[in-house]
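Me: I should like to learn how to read a structural model step by step. Could we begin with a single residue and work outwards from there?

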Amino acid sequence: MIPMSGGYLSPPVFLTDPFGSLDPAPVPGCSTCERKDAKRRKALDEGFVAEAAVIAVEFSRHLVGHRKAK
Ligand SMILES: [Zn+2]
């Protein structure tokens, strides 16, 4: 639950910089990060910004479970 202050409606949250969140930092050595990063770069290169954004969201969810490939 998101805490509400004073019972007023909060303004909807929009990304002010649509590209700001498209550049998550991959953890070096994490195979999942490297795979997602490559996929995201490819999507951006090919102009699939929406797809890159989806991958960026997956990325931010993944940031708690890095697996270091040894
Ligand atoms: Zn990772």
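Reply: Certainly; the model is a predicted one. A count of C-beta neighbours tells how enclosed a residue is, and 20 or more within 10 Å is the cut-off for buried. Ala56 has 20 such neighbours inside 10 Å and therefore counts as buried. This residue, Ala56, belongs to helix H2.

Me: How far apart are Ala56 and Lys36 in sequence and in space?

Reply: Separation along the chain and separation in space are to be read side by side. Ala56 and Lys36 are 20 residues apart in sequence, while their C-alpha atoms lie 8.2 Å apart.

Me: Is Ser60 buried or exposed?

Reply: The same count is applied, with 12 or fewer neighbours as the cut-off for exposed. Ser60, which is also found in helix H2, has 11 C-beta neighbours inside 10 Å and so counts as exposed. Its C-alpha atom is 9.4 Å from that of Ala25, although 35 residues separate Ser60 and Ala25 in sequence.

Me: What share of the protein chain do buried residues make up, and which secondary structure elements does it have?

Reply: Of the 70 residues in the chain, 9% are buried. The chain has two helices and zero strands. As for contacts with a separation of 6 or more, 53% are between residues 24 or more positions apart.

Me: Why does the span of helix H1 agree with what should be expected?

Reply: One compares an expected length with the distance between the helix ends. H1 covers residues 31-45, and its 15 residues, at 1.5 Å a residue, should span 21 Å; the end C-alpha atoms are 21 Å apart, so the two values agree. Just after H1, Gly47 adopts a positive phi of about 90 degrees.

Me: How are H1 and H2 oriented with respect to each other?

Reply: The angle between helix axes is the quantity to read, and over 145 degrees counts as roughly antiparallel. H1 and H2, the latter comprising residues 49-62, pack at about 165 degrees with axes 8 Å apart. They are therefore roughly antiparallel to each other. Their crossing is left-handed.

Me: Which residues of H1 and H2 meet?

Reply: A helix pair is described by the residues on each side and then by their classes. From H1 come Thr32, Lys36, Lys39, Arg40, Ala43 and Leu44, which meet Val49, Glu51, Ala52, Ile55, Ala56, Glu58, Phe59 and His62 of H2. By class, this contact has seven nonpolar, two polar and five charged residues. The buried residue discussed at the outset, Ala56, is among those on the H2 side.

Notes
Residues are numbered from 1 along each chain as its sequence is written. This is a predicted model: local features need pLDDT of at least 70, side-chain atom pairs count only at pLDDT 80 or more; totals for chains, interfaces and linings use all residues. Helices (H or I, at least four residues) and strands (E, at least two) are DSSP runs, numbered from the N terminus. Two residues are in contact if their C-beta atoms, placed from the backbone, lie within 7 Å. The expected span of a helix is 1.5 Å times one less than its number of residues. Axes are lines fitted to C-alpha atoms, for helices over the stretch in contact, and angles run from 0 to 180 degrees between N-to-C directions. Angles under 35 degrees count as roughly parallel, over 145 as roughly antiparallel, 65 to 115 as roughly perpendicular and the rest as oblique. A crossing is left-handed if the near helix is turned anticlockwise from the far one by less than a right angle, and right-handed if clockwise. Ala, Val, Leu, Ile, Met, Phe, Trp, Tyr, Cys and Pro count as nonpolar, Asp, Glu, Lys and Arg as charged, and the others, Gly among them, as polar.
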